[in-house]
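Colleague: Got a minute to go through this one with me? I'd like to start at the ligand.

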Amino acid sequence: MTIHKNLIAGEWIGTEGVENINPSNTNDVVGVYARACAEDAKSAIAAAKAAFPAWSHSGILQRHAILKKTADEILARKDELGKLLAREEGKTLPEAIAETIRAAQIFDFFAGEVLRLSGEVLPSVRPNIGVEITREPIGVVGIITPWNFPIAIPAWKVAPALAYGNTVVFKPAELVPGCSWAIADILHRAGLPNGVLNLVIGKGSVVGQAMLNSPDLAAITFTGSTTTGKRVAATSIEHNRKFQLEMGGKNPMVVLDDADLTLAVEAAANSGFFSTGQRCTASSRLIVTEGIHDKFVAALTEKLKGLVVDDALKAGTHIGPVVDANQLKQDTDYITIGRSEGAKLAFGGETISRDNPGFYLQPTLFTEATNQMRISREEIFGPVASVIRVKDYEEALSVANDTPFGLSAGIATTSLKHATHFKRHSEAGMVMVNLPTAGVDFHVPFGGRKASSFGPREQGKYASEFYTVVKTAYVLA
Ligand code: ADP
């Protein structure tokens, strides 16, 4: 098999590769991808540094054209890239194609943002002086991404980084290098000058760590675990570097007595279990008031019975496999923990076999969980959710907010009063009313509070807060 190489200073580099394995069928090798070492990371950073002066002053039409061309190619190849994504990550083909379209939309959005760059001109408090406020690129941006959105997360970091005139060293998750390689290849062929985007596929502990240790990265944007996020933060402070973190979630979905039951069940099934529950915005705590509790549990269990867990590429599959053996172990360990903590297993809980060898797990629902159990406090990152029974809205809100995390929170209710109160008092970065906690737009801010996130929001025009630095110029008239 040909090796998909790393891109450093415009050259495709790498002699040895590692197989990218399909979690739906571990006999299926998606491709062979080069593994960068710490030296490669250093070369990539040097290349990005060398490319920065020219790219940061490049014409906006050049940047617009490259990003637009990239968006157009991703969209034109949505079926092929979607299939690659489903094969390497395990989400279903429709989910994977939708994510690919999302990546195209993000590149398209930032192609537009390049043409909308602006500043402010103000009078000084002193006579005959003008003040100009502009946003400038920061420098070399390090991008470190996780495996659960192999094309959308790289797109929502790479596109704004380039749009605002930065150069990039990009390390995707080693489990899913295929989509990131495709993005680098498309940008390279779209005319991105050498060194502006450098791709280094490799281990977090080696390549990622080499990036964190470098004094030449002006900023790092990271999505992944809380443990690695803390490492990014500590090293960034040491190097006086800007950083942005998107980490875990333990997202609540409140269901009140007056909720539309069908809608609540659909939202819980969607955000709890689709994409195999491997979304940082997944609803893993279903906080349900007494009056609707039993009906909700019965209807959700019925819904889960009808969900097909199978090969991500098979038509009719609702839930694909877990991403790999390690994640599957983490999920099943938490199922054991939930049982030993006294939660009741209402559905699922078992690994299952399919035609091909893969990491299949039943959607798993616990009931009678308390908010103090580990399964309610720690992120599982699998198709596992727990129902927590509460007395009324006030208790539901208090339980929803009683978590170290604060990414997304949802409420299902027909009460305007409670919906409005929840919107105001939820301690999450994103609040969903009568909608799943997962599923967001690309043109508005994405991010959380507490242990979920740190730094400026991602996506939409708010992305400029991270990818630019403000300059204030005083001019004597
Ligand atoms: P997950 O549990 O989602 O895999 P990680 O934080 O381990 O979360 O991984 C997210 C990204 O961070 C991946 O690209 C991974 O390779 C990278 N990473 C892991 N460890 C480090 C590290 N020590 N330094 C930098 N990046 C790392």
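Modeller: Sure. It's a predicted model. Of the 17 residues around the ligand, Thr145, Lys171, Glu174, Ser225 and Thr228 come nearest.

Colleague: How far is the backbone N or O atom of threonine 145 from the ligand oxygen?

Modeller: 2.7 Å, from a backbone N or O atom of threonine 145 to an oxygen atom of the ligand.

Colleague: And the side chain of threonine 228, what does it face on the ligand?

Modeller: An oxygen atom of the ligand. The side-chain N or O atom of threonine 228 is 2.7 Å from that ligand oxygen.

Colleague: Which ligand atom does glutamine 209 go for?

Modeller: A nitrogen atom. A polar side-chain atom of glutamine 209 lies 3.0 Å from it. As for cover, the ligand on its own has 550 Å² of accessible area, and the protein covers 78% of that.

Colleague: Stay on glutamine 209. Where is it?

Modeller: In helix 7, which spans residues 204–213.

Colleague: Does glutamine 209 count as buried or exposed, and why?

Modeller: Buried, because its relative accessibility is 19% and the cut-off for buried is under 20%.

Colleague: What does glutamine 209 touch, leaving out residues up to four places away in sequence?

Modeller: Gly204 and Arg231. With arginine 231 there is also a polar contact between the two side chains, at 3.3 Å.

Colleague: OK, switching to sheets. What is the strand order in the mixed one?

Modeller: The order is 1-5-4. That sheet is open, has 3 strands and mixed pairing. Strand 1 (3–4) and strand 4 (17–22) are at the edges. Each has a single partner strand, so one side of each has no neighbour in the sheet.

Colleague: How many bridges join strand 1 to strand 5?

Modeller: 2 bridges, and the two strands run parallel. Strand 5 covers residues 25–34. Isoleucine 3 sits opposite valine 32 of strand 5.

Colleague: Which helices pack on that sheet?

Modeller: Helix 3 (residues 78–89) is one of them. It touches strand 4 and strand 5. Helix 6 (residues 177–189) also packs there, touching strand 1, strand 4 and strand 5.

Colleague: What angles do they make with strand 5?

Modeller: For helix 3, about 110° between its direction and that of strand 5. For helix 6, about 35°.

Colleague: There's an antiparallel sheet too. What is its order?

Modeller: 6-7-25. It is an open sheet of 3 strands. Strand 6 (120–123) and strand 25 (468–476) are the edge strands, and each pairs on one side only. On average, neighbouring strands there are turned by 25° against each other, direction ignored.

Colleague: How many bridges join strand 7 to strand 25?

Modeller: 9 bridges, with the strands running antiparallel. Strand 7 is residues 129–137. Isoleucine 133 stands opposite threonine 472 in strand 25.

Colleague: Last one, alanine 312. Where does it lie?

Modeller: In the loop between helix 10 (290–305) and helix 11 (325–341).

Colleague: Is alanine 312 buried or exposed?

Modeller: Buried. The relative accessible area of alanine 312 is 0%.

Colleague: What does alanine 312 touch, beyond residues up to four places away in sequence?

Modeller: Ser24, Ala86, Gly90, Lys91, Thr92, Leu93 and Pro321.

Colleague: And how far apart are alanine 312 and glutamate 95?

Modeller: 217 residues in sequence, and 9.3 Å in space, C-alpha to C-alpha.

Definitions and conventions
Residues numbered from 1 in each chain as written. Predicted model: local features only at pLDDT ≥ 70, side-chain atom pairs only at ≥ 80, totals over all residues. Heavy atoms only, no water. Pairing = 2+ DSSP bridges. Helix = DSSP H or I, 4+ residues; strand = E, 2+ residues; numbered from the N terminus. Contact = heavy atoms within 4.5 Å. Axes fitted to C-alpha atoms, helices over the stretch in contact; angles between N-to-C directions. Near = heavy atom within 4 Å. Polar contact = N/O pair within 3.5 Å; in protein donor to acceptor, adjacent residues only side chain to side chain. Areas by Shrake-Rupley, 256 points an atom, 1.4 Å probe, with all protein chains shown as cover. Buried < 20%, exposed > 50% of the residue type's maximum accessible area, 1.4 Å probe, protein only.
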